Amino acid sequence: MNHNHIAALLISITAFSLSLDRAMAQDSGAMKSMPGMRTDAAAAPSGSAGAKLGDLDISGGYVRAMLPGQPVGGGYITIHNAGKSDDKLASVTSSSAGKVELHEMKMEGEIMKMREIKGGIAIPAGATVTLAPNTMHMMFKQVKMPFKQGGTVPVMLMFDKAGMVDINLPVVSAKGN
Ligand SMILES: [Cu+2]
């Protein structure tokens, strides 16, 4: 994908969400007055999992079903730190995978690449950190049984301050919905 293609893609996405906003605004006056309303492609699918752990509000957790032959799985989650001290997602483990790594997506020249985030993900006081497609994800390696839509994948999240929490992440479609 070259820069022109990316620019064209961004323009078409913007045009799409603009026309969608307009359509919704026309659809009902009530919707217009909802400031939180967004056409957000990275929104977590319905049925996603969460938990409360100390000052942390964890929500929107899910994994994607794995396509045949796909060796690794991807998972996403949102963490809000309502407390006054910084925290950090230090590591993730799962009984469904030999190991779970934290990865980030980065443009290297014109190619989107992922790489491991060493040392965990900072969750600053007051911040909301979202692991979402195109930003960060949990990468499941040495997966025992390929993730199937409708199933669940148990994870244990370990935070430096808040401690650890078990969450069962639902498996949604490979497309993420
Ligand atoms: Cu990855």
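Histidine 137 has a relative accessible area of 6%, so this residue is buried. The model in which it sits is predicted, and the description below starts from this residue and works outwards.

Histidine 137 lies in strand β9. Leaving aside neighbours within four places in sequence, histidine 137 is in contact with Gly75, Tyr76, Glu101, Leu102, His103, Met105, Met114 and Leu131. Two of these names, His103 and Met114, return at the metal site: the copper ion is coordinated by His103 through ND1, Met114 through SD, His137 through NE2 and Met139 through SD. The distances run from 2.1 to 2.5 Å.

What is the arrangement of the four donor atoms around the copper ion? The angles they subtend are 94 to 127 degrees. Four donors count as tetrahedral if all angles lie between 85 and 135 degrees, and the arrangement is therefore tetrahedral. For comparison, the ideal angle for four tetrahedral donors is 109.5 degrees.

Along the chain, the donors of the copper ion follow the spacing H-x10-M-x22-H-x1-M. The two methionines link distant parts of the chain, with methionine 114 in strand β6 (residues 111-116) and methionine 139 in strand β9 (residues 136-143), 25 residues apart. Are these two methionines buried or partly exposed? Methionine 114 has 40% relative accessibility and therefore counts as partly exposed. Methionine 139, at 7% relative accessibility, counts as buried because the cut-off for that class is under 20%.

Strand β9, which holds histidine 137 and methionine 139, is mostly covered, with six of its eight residues buried. Two other strands pair with β9. Strand β3 (residues 73-81) does so in the antiparallel sense over three bridges, and in this pairing glycine 74 stands opposite methionine 139. Strand β5 (residues 97-108) also runs antiparallel to β9, and seven bridges join the two. One of the bridge partners here is phenylalanine 140 in β9, which is matched with valine 100.

Strand β5 also pairs with β6, again in the antiparallel sense, over six bridges. Glutamate 108 stands opposite isoleucine 111 in β6. The two strands form a hairpin with two residues between them. Glycine 109 is in the turn and has a positive phi of about 65 degrees. Methionine 114, a donor to the copper ion, belongs to the β6 side of this hairpin.

Positive phi values also occur in residues other than glycine. Asparagine 134 has a phi near 80 degrees. Asparagine 134 is found in the loop between β8 (128-131) and β9, and at 56% relative accessibility it counts as exposed. Glutamine 142 is a further case, with a positive phi of about 50 degrees although it is not a glycine. Glutamine 142 is found within strand β9 itself. Is glutamine 142 buried or exposed? Its relative accessible area is 53%, so glutamine 142 is exposed, although β9 is mostly covered.

The wider chain can now be set around this site. The protein chain has two helices and 11 strands. Read along the sequence, the two helices precede the strands, in the pattern α-α-β-β-β-β-β-β-β-β-β-β-β. Of the 177 residues of the chain, 34% count as buried. Among contacts between residues at least 6 apart in sequence, 64% join residues at least 24 apart. The accessible surface of the protein chain comes to about 10500 Å², and 57% of this belongs to carbon and sulfur atoms.

Confidence in the prediction is the last point. The mean pLDDT of the protein chain is 82, and 76% of its residues reach 70 or more. Over residues 6-41 the pLDDT is below 50, and this stretch has 11 contacts in the model beyond near neighbours in sequence.

Conventions:
Residues numbered from 1 in each chain as written. Predicted model: local features only at pLDDT ≥ 70, side-chain atom pairs only at ≥ 80, totals over all residues. Heavy atoms only, no water. Donors = N, O, S within 2.8 Å, 3.2 Å for Na, K, Ca; no water. Tetrahedral: all angles 85-135°; square planar, octahedral: opposite > 155°, others 65-115°. Helix = DSSP H or I, 4+ residues; strand = E, 2+ residues; numbered from the N terminus. Buried < 20%, exposed > 50% of the residue type's maximum accessible area, 1.4 Å probe, protein only. pLDDT = per-residue confidence, 0-100. Contact = heavy atoms within 4.5 Å. Pairing = 2+ DSSP bridges. Areas by Shrake-Rupley, 256 points an atom, 1.4 Å probe, with all protein chains shown as cover.
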